[in-house]
Amino acid sequence: MKKEQRTGLIIAAHGRHYLAEADGTRLQCVTRGKKTNVAVGDIVDLTLTSPDQAVIDKIQERKTLLYRSDQYKSKLLAANVTQLFIVVATEPGYTDDLVSRALVAAEAAGIAARLILNKVDVTENLDKTRARLEMYTAMGYPVHEVSAKGRPQETIDALAPLLGGQSTILIGQSGMGKSSLINLLVPGADIATREISAALDTGKHTTTFTRLYHLDSHATVIDSPGFQEFGLYHLSEGMLERAFRDFQPYLGSCKFYNCRHLIEPQCGVLDAVRAGKIAKMRHELYGQLLHESAQTLY
């Protein structure tokens, strides 16, 4: 007897356990063998093994894939997303290194990025935080000021129009108020998370898995666990220079066609750094990422 085939959307991932939606039902899924290259947002071909369980046979072609990687392995964040919201806050402090790395990852993956400055009702460090964010607005990344807890309706009014027709992933360090934003933007997110947690059979209510919520039939929001590091070991030298949006105007003006923009003479990028047109911190990060990509073992 031929087993039933389905096409599903991966809505949650925890370790090697996946939850897919197919024809209105939720299916607990596993991959064949030990492969774990499935991401939330993936469209997959499934074979049913029971009414609520399936095996993932194939991942359909992805439009985009956002992931981070260290020296040894990759961590897939989400597939088929169209935009990234990086959540930062006036307190506790966020790190520019993480924000910049996330922007580079988005740029390399062809995903639009926006910064969401949360907790603007905490005015003590607001001016200082705004000044720090000017580096990103100068590159053309929009910054949206909100306060999920202090001004909930204003926050919904500001962000809801940006979500229509998009698949949006929210990332941020812990403490930035990302969960409060999700609960505001996705009615019933708490209940959905509990249901997904139970369906994934993780044994307890956990926030350490990535999950996808439907806003309507055309828009989804993906919440990923908070993290403190964002490795980009998978980006090659050529990909890196192009993924720095602030480098792009100067890439054609180097004397040497294979310029690495580190110590070379008559380098357009280094000239722009000296002239203050590219932030020194961004160029230092570029050097660090080049170093990391040279360490890759896989």
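## Four annotated residues and two pockets

UniProt, in an unreviewed entry, puts the feature "binding site" at Cys254, Cys259, His261 and Cys267; such annotations may be inferred rather than shown by experiment. Keep in mind that this is a predicted model, where local features need pLDDT of at least 70, side-chain atom pairs count only at pLDDT 80 or more, and totals for linings use all residues. Residues are numbered from 1 along each chain, and side-chain values use heavy atoms, with hydrogens and water left out.

Let's start with His261. His261 sits in the loop between helix H6 (237-243) and helix H7 (268-274), helices being DSSP runs of at least four residues. At 2% relative accessibility, His261 counts as buried (under 20% relative accessible area, 1.4 Å probe, protein chains only). Leaving out residues up to four places away in sequence, His261 touches Glu241, Cys254, Cys267 and His283, among others; contact means heavy atoms within 4.5 Å.

Cys267 is in that loop between H6 and H7 too, and is buried at 0%. Beyond its neighbours within four places, Cys267 contacts Cys254, Cys259 and His261.

Now for the domains, whose bounds come from an automatic or database assignment: domain 1 (5-59), domain 2 (65-223) and domain 3 (237-295). The centres of domain 1 and domain 3, taken over C-alpha atoms, are 41 Å apart.

Here are the linings of two pockets by residue class.

| Pocket | Nonpolar | Polar | Charged |
|---|---|---|---|
| Largest pocket | 10 residues | eight residues | five residues |
| Second largest pocket | six residues | 12 residues | three residues |

The second largest pocket lies between domain 1 and domain 2, because both give residues to its lining.

Key. Helices (H or I, at least four residues) and strands (E, at least two) are DSSP runs, numbered from the N terminus. Buried means under 20% relative accessible area, exposed over 50%, partly exposed in between (1.4 Å probe, protein chains only). Ala, Val, Leu, Ile, Met, Phe, Trp, Tyr, Cys and Pro count as nonpolar, Asp, Glu, Lys and Arg as charged, and the others, Gly among them, as polar.
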